[in-house]
Every structure is written in C-alpha cells, then in structure tokens.
Amino acid sequence: MRAQWFSEARFGMFIHWGLYSIPGGIWRGREMSYIGEWLQACFRIPNREYGALAARFNPERFDAEQWCRTARDAGMRYLVFSAKHHDGFAMYRSRVDSYNVVDATPFGRDPLAELAAACPKYGLKLGIYYSQDLDWHHPDGGDPGPESPKNHGMSWGNDWDYPAHRGKRFRRYFEGKAIPQLTELLTGYGPVGIMWFDCPLTISREESGRIVELVRKLQPDCLINTRIGHGFGDYGSYGDNQLPAAPPEGMWETPGTLNRTWGFKWNDHDWKTPGEVLSLLASLAEKDTNYLLNVGPMPDGSFPPETVRVLRETGKWLERYGFAVYGCGANPFQCSFDWGYVTVEQRPGKRTRLHLIIREFRPEIRLYGLEEVVFRCWAAAEPECPVEFGCSGGRCLTIRLPERLRARLLPVVTLELACRNAPAVCTDLVPLDHVLRLPAARGTIRHGQREAAVEPAELRGLGAAGERHPAVSHCCLDRTGNLAEWHNPADRIEWEAYFPEEGRYRVEVVTVSGIHGAAWKTGQKVELAVSGDGGAANVLVATLNGRPDPSASDRCYIRGSAEAGTLSLNGAGRRKISLRMLDCPDREALAMTLAELRLVRL
Ligand code: FHN
C-alpha cells in the first residue's frame, strides 16, 4: 500500500524557513505577536522592501545533512520543507520565477535539492510544503477580498501592494506560477513522499482537482494532505496543534509548533519541554494520528539550540520505546486514561501487545473492559523488572507499576495478550478509579426542533487552516471527536452507563476552546438529567464555572473543566445520562465545544 509508510512513521519534521527568518518577528524595531512567517502581512511590507531581505540571505551554517541527521536522531521518519510559503518566495531554484533562493540571494544554493539528496541517507521521506493559494508576491495571488473575515486582523491576500481586489485574476497566478512551479517540484527532486498544501481559501474545486491530477501523473506514490481543499487529499490535516479526542477514520496528521511560531522568531522562548512533546506524540499515536513537529531554522541555517535539545530527548525516548509508537494502532478502549496513553501493536503471526505509555506515575493503574487473556506483562526496556497484574473484579485489570518507573519520562508497560488479532474490548461505560468518563464521541446526539438564533458559521468565518465551516444550526461531532457548534438549546447528548454503587457524584463538564488560539470560556448554563431503573429523573441545572487545564491543553486549543454541582444516585444500576446546554453567556463566542462529561464519586 502506497500509504503504509505514513502510518508506520508517526513522527515527522516540518520546516518553515524563508526570508521571514531573517527579521525573526521584528520589523523596524516593532515586534509582532503572531506567527513569524506572517511578518510581511503583519507589517504590510511592500514586496519591493520585503524582497530586499533576499540580499541578506546567506545562511553559512546551512547543512542539509545536519538537518536530516537531527531529524533521524529525534526519531522522525519524514521531513516536510516549505518550498514556497505565503510570501511567494521560492526556497528552491525556480525557472518560472526569479524570486527564488538561488537567483535572488548571495547564498545561491538550492536547499531543497540538498535536502532531497540527504533525506534518503537518513531514512527520511521527503515532503514539500507549497502554498498553492496565497501568494503575496504575485499580483493575482489568492485574496478572499476586503469583505472576508481577517486572519487575526490581517489580510489573507496582499492588499497593500495590490489593493484592487476586483482586478485580481487568480487563474493568472494559478496557470502562470502555481502549476509550473508544482511541475518543477514534482519533476526536479526525485521521489516526493508528500505534497503538503495549505490555506485553500479562494481556489476552486476544479483547480484543487487539477493539482491532484498533476501530482498523480508526475508522482503516483506521493501523498497529498486535505488542505489541498474541496475534500481532496489522501490524508487529513487537523488544525495547527489540534488534538483529536477520539481515533478518527482514515489517516490523519497534526502539524504542531515547538514554541508558538512556525518561522523562527528571536523572542519566542516558549519552548515545549521534552515531556510535553512526548505526551503529544503519544496522545496522537493513541488516536492513530501522525505528529508533524515544526522546526524554524535561524537565519544562519542552524536550528535553534533549544530545538536541538528537545529533539535529542525525543530521540532518546523513541530509541527506547519507539516500538510503542511506530506502526501501532489506536487505543481500543472506550476512553483515554488519566494516567497516560494506550497503543496496540499487531504484527503478523505475533501475539497482540498493548503498550501503556505512562504520563503520570501511580503505584497502580487500571484498565476496564479488556476481553482477552493477558499472557504476560513487563516494564519495557527495564531488565529484570516484572510487573504484577491481576483482575480486580469484573472486567477491571489492575497493573502495579514498579517503583523504579517513577523517575522515568513516560515509561512504557507492555501487556502481551493471548490473541493475535485486534483485542476485543467491551463497550460499556463504567466508572474507573471512581471517575465515570463520558466522552462526547461515545454519546448519542439528539437534535431538537428549535433553530438557533445565530448561525455560528457567520461569526466564525475562516478557520486557522482557511477551511470554511459549514453553516449548521445544531451541534455535531467535529472531526476531532468533540461536540462542537453547540448553541442550540434544544439539542442534547445522551449516554448509557453502569454505576456499580450508589452515592454522590461531582459533575464536571470538560470543554475545549473551539477555535485555534481563542480563549477558553465558561458561563454556559447546562441541564443534566440522570434517569433509569424506574425512578424519577435526577435533574441538575447549573452555570459552568471552571479553569483551563494546562496539562490537557495543547496551548492552541485550550481544554478545561467546569463544575456543575453534585448528584446523588440511589442504588446501583444502569442509567441514562442526558446533557443539554440551556444558554451561553456570549453567543458570539461560539457557545460550547464539549469534550466529555465526568462524574467523580465523592
Ligand atoms: O498560515 C499558515 C501558517 O503560516 C503555517 O504554515 C501553518 C502550518 O500548518 N499553516 C497555515 C495556518 O494554518
């Protein structure tokens, strides 16, 4: 299968490098707060002036082999290089447009050619990023126009050099620059593993389709991400830094930043720690999703030292525990676990293994619902360190973590099962460690009759990746498995769960800020009803009030939990739990995006 390598790979390096790397977020003494590669749009720098940066581009420390070695040693299996970003400057030798790194800079070398030669030596597939729609250098580059929502206050298209929106003909750019440059990229650099497209804001369906055809014709094995637009593409790109809540259908990837920018910024020191990066990698791996982690090289061509430091640690971890990530399948259980992540390793003719990647050490951890015999269990990469396990009633498996694992960064415990196929797991929702987790992705959504007062799509405009959100007036599961667009009080979500004991439960509603970089807000009024076993429904109405949870957030989509009071259940048994959102304080803030409901036994 031509895509097999992609699912096996799990971890790749994204590289944003261009003229913007020289000012690194600072222009004439003014600092930008947005991502560095947007410098030209942020300061509305005329092409004549921005293009003059090319005369200063001479990265004497650029070494393609060194970049590839760093990627390989970090445990990465592919690399995606920005051959042309929105500024329109080609970071490869282009015969189509002299606005390129070979013809316009004193450097005069083709970094893409050097990377293409180095990648195979380090076992890396080469991917190429190409901004197919936005191009600020070309007078006809993609521009949604003055009426369209802005991107963090900035124009998507170049309206500073080329303000006459009506006169722009995207077709001229498309035929005159994009298609010829894509042809160069697909014919001049050997096998290309991925063509990575971005921000399909103005491109037509026919044009996206043309690009797909071109890629298929020139590089039949090359994969295309869905940001080509119009539903085309071989695998899905989540939003930048976005974490899915449940395993998706098909192949997916999350592009993520190591600090808060893609292109290098002198003053962005907000680096993720190795533990954070590895948690993100494991969290994505258990959702069957690849992690494309960005590096923004400095103007001299070297990687920022902090980047190198973090990547060295990911490499060490993957050398030890890579078997729990590469080629592994998604967590088969009903929920993810508070202590860490689960992946499944299935190899032909071998017993199936479950890998437990421990983020938070606890003397004992529990799994609920495994319907397979556990053959043996051990702490991976720890010689002579047996792990005790046993059944603690029903389908609950208890695993006692050896004390020696406490000091390790995300240690892995492996369970070898008696089966050789996908493990059978029961689908019941039950409390585990006194917490009943009810993920939105496991609930049944019931749409009510009333239409909402506002169409969120009107307010929301364009997402970070430039995709339009469909106009919906009912909540729905979004592609990440969260219940999104919930602004209609007639809608509700229901789960069925089994309570092994009666008692009081604290109700927590876990929500996510639905938009990249938006603040996390509470204040929604919700109604929770628990019914079953013939008794009257237990109803709770509360206004949510809570805090973001930094450990569960990826910094760009903030997650947090809000308390909604307590409920008492009389007697054990099966219950139906139903949640409604009655009102939200700020309709313009897009109501509520529900990740899960938690009932914590008091
Ligand atoms: O606008 C770009 C941004 O500069 C960066 O390249 C990211 C990477 O995924 N994509 C777009 C925003 O989603």
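The following exercises, each with a worked solution, concern a predicted model.

**Exercise 1. Ring geometry**

Classify the pair formed by Phe57 and Phe107, and state where the two residues lie.

*Solution.*
Step 1. A pair of aromatic rings is described by the distance of the centres and the angle of the planes. The count for this model comes to 32 aromatic pairs.
Step 2. The ring centres of Phe57 and Phe107 are 6.0 Å apart, and the planes meet at 85°. Centres must lie within 6.5 Å for a pair, and planes over 60 degrees apart count as edge-to-face. The pair of Phe57 and Phe107 is therefore edge-to-face.
Step 3. Phe57 belongs to the loop between α3 (47-51) and α4 (64-73), while Phe107 belongs to the loop between α5 (101-104) and α6 (111-118). Because these parts are 50 residues apart in sequence, the pair ties together separate stretches of the chain.
Step 4. Phe57 has a relative accessibility of 0% and counts as buried. Phe107 is also buried, with a relative accessible area of 9%.

**Exercise 2. A second pair and the cluster**

Determine the class of the pair Trp67 and Phe303, and identify the cluster to which these rings belong.

*Solution.*
Step 1. The centres of the rings of Trp67 and Phe303 are 5.3 Å apart, with planes at 35°. Stacked pairs have planes under 30 degrees apart and edge-to-face pairs over 60, the rest being tilted. The pair of Trp67 and Phe303 is thus tilted.
Step 2. Trp67 is in helix α4, whereas Phe303 is in the loop between β10 (289-295) and α10 (305-321). The pair links distant parts of the chain, 236 residues apart.
Step 3. Both Trp67 and Phe303 are buried.
Step 4. Ring pairs join Trp67 and Phe303 with Trp17, Phe57, Phe62, Phe81 and Phe107 in a cluster.

**Exercise 3. Charges over rings**

Over which rings do Arg77 and Arg351 lie?

*Solution.*
Step 1. Arg77 is placed over the face of Tyr326, at 3.5 Å from the ring centre.
Step 2. For Arg351, the ring beneath the charged end is that of Phe375, whose centre is 3.8 Å away.

**Exercise 4. The ligand and its surroundings**

Describe the shell around the ligand, the polar contacts with side chains, and the extent of burial.

*Solution.*
Step 1. There are 16 residues around the ligand, and the nearest are His16, Glu37, His86, Asp198 and Asp240.
Step 2. By residue class, the shell comprises 9 nonpolar, 3 polar and 4 charged residues.
Step 3. Oxygen atoms of the ligand enter two of the contacts considered here: one oxygen atom is 3.0 Å from a side-chain N or O atom of Trp38, and an oxygen atom lies 2.8 Å from a polar side-chain atom of His86. A nitrogen atom of the ligand is 2.5 Å from an N or O atom in the side chain of Asp198.
Step 4. The ligand taken alone exposes 320 Å², of which the protein buries 99%.

**Exercise 5. Positive phi values**

For Leu410 and Asp433, give phi, the place in the chain, and the class of accessibility.

*Solution.*
Step 1. Leu410, a residue other than glycine, has a positive phi near 40°. Its place is the loop between β16 (396-400) and β17 (412-417). With a relative accessible area of 5%, Leu410 falls under the 20% limit and is therefore buried.
Step 2. Asp433, likewise other than glycine, has a positive phi near 50°. Asp433 is located in the loop between β17 and β18 (435-439). The relative accessible area of Asp433 is 32%, so the residue is partly exposed.

**Exercise 6. Individual residues in helices and strands**

Is each of Lys217, Thr254 and Leu567 buried or exposed, and which distances are associated with these residues?

*Solution.*
Step 1. Lys217, in helix α8 (residues 205-218), has a relative accessible area of 65% and is exposed. Its C-alpha atom is separated by 9.6 Å from that of Leu186, 31 residues apart along the chain.
Step 2. Thr254 is part of strand β9 (residues 252-256) and, at 1% relative accessibility, counts as buried. The side chain of Thr254 reaches the backbone oxygen of Gln242 at 2.8 Å.
Step 3. Leu567, in strand β27 (residues 559-569), is buried, with a relative accessible area of 4%. The C-alpha atoms of Leu567 and Ala381 are 44 Å apart, and the two residues are 186 residues apart along the chain.

Definitions and conventions:
Residues are numbered from 1 along each chain as its sequence is written. This is a predicted model: local features need pLDDT of at least 70, side-chain atom pairs count only at pLDDT 80 or more; totals for chains, interfaces and linings use all residues. Side-chain values use heavy atoms; hydrogens and water are left out. Helices (H or I, at least four residues) and strands (E, at least two) are DSSP runs, numbered from the N terminus. Buried means under 20% relative accessible area, exposed over 50%, partly exposed in between (1.4 Å probe, protein chains only). A charge sits over a ring if NZ of Lys or CZ of Arg is within 6 Å of the ring centre and within 35 degrees of the ring normal. A residue is near a molecule or strand if one of its heavy atoms lies within 4 Å of it. A polar contact is a pair of N or O atoms within 3.5 Å; within protein, one must be able to donate a hydrogen and the other to accept it, and residues adjacent in sequence count only if both atoms are side-chain atoms. Accessible areas come from the Shrake-Rupley method with a 1.4 Å probe; for residues, only the protein chains shown count as cover. Ala, Val, Leu, Ile, Met, Phe, Trp, Tyr, Cys and Pro count as nonpolar, Asp, Glu, Lys and Arg as charged, and the others, Gly among them, as polar.
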